[in-house]
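Here are my notes on the model you sent, set out as numbered points. They go from overall figures to individual elements.

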Amino acid sequence: MDTRRIEDELRESELRLLTMIESEAAARRSALRLRAVVQAQRELAASDAGEAQLTSRIAEMARRLLDADGAAYEALENGRLRIRCVTGISQAHVGTEFPLDGSLSGLAVQEQTSLRSDDVETDARSHRHGVRLEWRSLVAAPLHIGRDTVGVIAVVSREAAYFTQDDQYALELLAESLGTVLQHRRDAEQREASDRAHRAELEERVRERTEQLQAANAELEAFSYSIAHDLRSPLTSIDGFSRVLAERYADQLDEEGRHYLQRIQAGVRQMSELTDAMLSLAHLSGVSLKDEPVDLAGLAYGVFAQLREREPERAATATLEAPSRLWARGDPRLLQQVVANLVGNAWKFSARSPRTEVRLGSFAGTGGETVYYVADSGVGFDMAHASRLFGAFQRLHSPSEFDGTGIGLALVQKIVNRHGGRIWAESAPGEGATFYFTLAS
């Protein structure tokens, strides 16, 4: 009896050991299977292949993952399944269509879940529709992109009862991975298509606005040119006759009459300056730009010398602080106007200061661009009105305080803009002003 009991106990221990070994082996297989699925997920996510190539790739991955004889991707088209690609089985199956009813793959689509069959020959769920199959067992998982079912991944084996529950689960994970990748692809394509359409719409709107703006500018420039040009003839007549009146009949006019005559001549001069400024603005848009090295310091010294000659009484107290050379690139004639206007304004608005101190220089801006500046020690202005600085005919000081047309800074801004730059100013009343500008490199 003791011997029999010992033998029974040994057999039980052997069975438990075998069960443990089988369980450990199954666990190792499951772990390896999951690692293979994760690797496949990464490969799919990193791939830049198209949708057709991905579905072909997933069929091969599924066959290798389950160590099966073959696999296929079947696309859902118009309520039927169509075999798009196969691996490990006859390529003659590619293009075959079959209904959802009576097929295991169709059942996976209808029930929205994976399934497996140990023997498709005897499986009551499958009608072969007169087709002789090359395989005995099958596992299939539907492929979803978002909420849409787009097809089925089917893996087959020539052996009956070949696939396990773990195989079915692994195929589900693989199908989910492909669905996620394809969903991201479609979302990206939709976003890109939407972005392209939006960009095209914006570009069209910009083109239309640009054409409208160009047409409006052309009309405005033509109008400004016409007005300025047409004003020259009557202004010349008024100026000429007022000179004759002053020369020939001055002794016949009383003090008040001579004052009125002087007012007429001053008004003619101011109107002439305005028409010249309007013509300058009108001509500027049509001028082709040259791209040459320009010494802004040399231009400033020349302008400053002319101003000192014009007002010698201020020469002794007027200084220009600038480097010996200050190079920029642009159109020499237009940049001469920029420097002349900015230095001229610095001179003009410093007239009431004990000394006229003008500074010209440059420094590197935050974006690496070169920022040029012209600073003075004049009357300055309130920054609350800075938005009016560069408008045509806009003045921050009355004509009785300082003469001018109100066109100079508008002209400067237009020239700077045409050079691809920008201009701005900083000031405070009684503390002078500094004008900064950039030019495209």
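How much area does the protein expose, and what share of it do carbon and sulfur atoms supply?

1. The model is a predicted one. About 25,800 Å² is exposed by the protein, and 51% of this comes from carbon and sulfur atoms. Of its 441 residues, 38% count as buried.

2. The secondary structure consists of 8 helices and 13 strands. Taking contacts between residues at least 6 apart in sequence, 62% of them join residues at least 24 apart.

3. One open sheet has 6 strands with antiparallel pairing, in the order S3-S2-S1-S6-S5-S4. S3 and S4 are its edge strands, each of which pairs on one side only. From one strand to the next, the twist averages 25°.

4. Within that sheet, S1 and S6 are joined in the antiparallel sense over 6 bridges. For a specific position to inspect, glycine 70 has valine 156 in S6 as its bridge partner.

5. Is helix H3 mostly covered or mostly uncovered? The helix, residues 104-111, is mostly covered, with 6 of its 8 residues buried. The buried residues of H3 are Leu104, Ser105, Gly106, Leu107, Ala108 and Val109. Their cover includes strand S1 (70-77), strand S2 (80-87), strand S3 (97-99), strand S4 (115-117), strand S5 (137-145) and strand S6 (148-157). Just after H3, glutamine 112 adopts a positive phi of about 55°.

6. A second sheet to look at is also open: its 5 strands run in the order S8-S10-S11-S13-S12, and the pairing is mixed. At the edges are strand S8 (318-321) and strand S12 (423-427), each pairing on one side only. Neighbouring strands in this sheet are turned against each other by 15° on average, direction ignored.

7. In this sheet, S8 pairs with strand S10 (residues 356-364) in the parallel sense, over 4 bridges. Glutamate 321 has arginine 359 as its bridge partner in S10. Helix H7 (residues 332-348) packs on the sheet and touches S8, S10, strand S11 (370-376) and strand S13 (433-438). The direction of H7 makes about 30° with that of S11.

8. How many aromatic pairs does the structure hold? There are 8. In one of them, phenylalanine 304 and tryptophan 347 have ring centres 5.5 Å apart and planes at 85°, so the pair is edge-to-face; planes over 60 degrees apart fall in that class. Phenylalanine 304 belongs to helix H6 (residues 296-310) and tryptophan 347 to helix H7, so the pair ties together parts 43 residues apart in sequence.

9. Are the two partners of that pair buried or exposed? Phenylalanine 304 is buried, its relative accessible area being 4%. Tryptophan 347 is buried too, with a value of 2%. Both calls follow because buried means under 20% relative accessible area.

10. A further aromatic feature is a cluster in which ring pairs link Phe363, Tyr373, Trp424 and Tyr436. When viewing this cluster, keep the second sheet on display: its order is S8-S10-S11-S13-S12.

Note on methods:
Residues are numbered from 1 along each chain as its sequence is written. This is a predicted model: local features need pLDDT of at least 70, side-chain atom pairs count only at pLDDT 80 or more; totals for chains, interfaces and linings use all residues. Side-chain values use heavy atoms; hydrogens and water are left out. Two strands pair if DSSP finds at least two bridges between them. Helices (H or I, at least four residues) and strands (E, at least two) are DSSP runs, numbered from the N terminus. Axes are lines fitted to C-alpha atoms, for helices over the stretch in contact, and angles run from 0 to 180 degrees between N-to-C directions. Contact means heavy atoms within 4.5 Å. Buried means under 20% relative accessible area, exposed over 50%, partly exposed in between (1.4 Å probe, protein chains only). Rings of Phe, Tyr and Trp (its six-membered ring) pair if their centres lie within 6.5 Å; planes under 30 degrees apart count as stacked, over 60 as edge-to-face and the rest as tilted. Accessible areas come from the Shrake-Rupley method with a 1.4 Å probe; for residues, only the protein chains shown count as cover.
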